[in-house]
Amino acid sequence: MTEALQVLLAHLADPKVVYVFPSQIAAAQTREHVLSHADAPVIGGYKFISWDRFKSTALRYPLQKRAADDHV
């Protein structure tokens, strides 16, 4: 078992932990690999997400409605 897989398995039960991957395809493939080594019969898809999904949910901030060339 690789060190990366050990880390994923060690924190799998923690509801606060989410694993972020470069793409949703990479996230889904890793989730399937972890599932094949986990004691749990099911792993929530919300734990393995893409970087884009992470940005849209975790990095919410108000948009400043200013022109791109507007000076401070």
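Modeller: A residue is called buried when its relative accessible area is under 20%, exposed when that value is over 50%, and partly exposed in between. The model before us is a predicted one, and these cut-offs can be applied to it residue by residue.

Biologist: How does one apply them to Asp52: is the residue buried or exposed?

Modeller: Asp52 has a relative accessibility of 53%, and therefore counts as exposed. Its salt-bridge partner is Lys55, with the closest N and O atoms 3.9 Å apart. Lys55 is partly exposed because its relative accessible area is 35%.

Biologist: Where do Asp52 and Lys55 lie?

Modeller: The general idea is to compare sequence spacing with the turn of a helix. Here, Asp52 and Lys55 belong to helix H3 and are three residues apart, which is about one turn of the helix.

Biologist: How many salt bridges does the structure hold?

Modeller: A salt bridge is recognised when a side-chain nitrogen of Lys or Arg comes within 4 Å of a carboxyl oxygen of Asp or Glu. The structure holds two. Besides the pair formed by Asp52 and Lys55, there is a salt bridge between the side chains of Arg31 and Glu32, at 3.8 Å from N to O. Arg31 has a relative accessible area of 23%, so it is partly exposed. Glu32, at 46%, is likewise partly exposed.

Biologist: What else can be read from helix H3?

Modeller: Helix H3 covers residues 51–58 and includes Thr57. A polar atom of the Thr57 side chain lies 3.1 Å from the backbone oxygen of Arg53. Thr57 is partly exposed, at 45% relative accessible area. Trp51 is also in helix H3, and its value of 40% makes it partly exposed.

Biologist: Which residues make a nonpolar surface patch with Trp51?

Modeller: One looks for nonpolar side chains that are accessible and adjoin one another. Val18, Val20, Trp51 and Leu59 make such a patch, of about 320 Å².

Biologist: How should one read the nonpolar core, and which residues form the largest one?

Modeller: Here the residues must be buried and joined through side-chain atoms within 4.5 Å. The largest nonpolar core has 11 residues, among them Leu5, Val17, Phe21, Ala27, Val34 and Phe48. Two or more core residues come from each of helix H1 (3–10), strand E1 (19–21) and helix H2 (24–37). Phe21 can serve as an example: apart from neighbours within four places in sequence, it is in contact with Ala26, Ala27, Thr30, Phe48, Ile49, Ser50 and Trp51.

Biologist: Ser50 appears in that list. Why does it count as buried?

Modeller: Ser50 counts as buried because its relative accessibility is 9%. It sits in strand E2, residues 48–50. Beyond residues up to four places away in sequence, Ser50 touches Val20, Phe21, Ser23, Gln24 and Ala27.

Biologist: How are the elements ordered along the chain?

Modeller: One reads from the N terminus and notes each helix or strand in turn. This chain has three helices and two strands, following the pattern α-β-α-β-α.

Biologist: Which totals describe the chain as a whole?

Modeller: Of its 72 residues, 21% count as buried. The chain exposes about 5,800 Å², and carbon and sulfur atoms supply 58% of that area. Sequence separation adds a further view: among contacts between residues at least 6 apart in sequence, 57% join residues at least 24 apart.

Key. Residues numbered from 1 in each chain as written. Predicted model: local features only at pLDDT ≥ 70, side-chain atom pairs only at ≥ 80, totals over all residues. Heavy atoms only, no water. Helix = DSSP H or I, 4+ residues; strand = E, 2+ residues; numbered from the N terminus. Buried < 20%, exposed > 50% of the residue type's maximum accessible area, 1.4 Å probe, protein only. Contact = heavy atoms within 4.5 Å. Polar contact = N/O pair within 3.5 Å; in protein donor to acceptor, adjacent residues only side chain to side chain. Patch = residues over 30% accessible without salt bridge, like charges linked within 9 Å, V, L, I, M, F, W, Y side chains within 5 Å. Areas by Shrake-Rupley, 256 points an atom, 1.4 Å probe, with all protein chains shown as cover.
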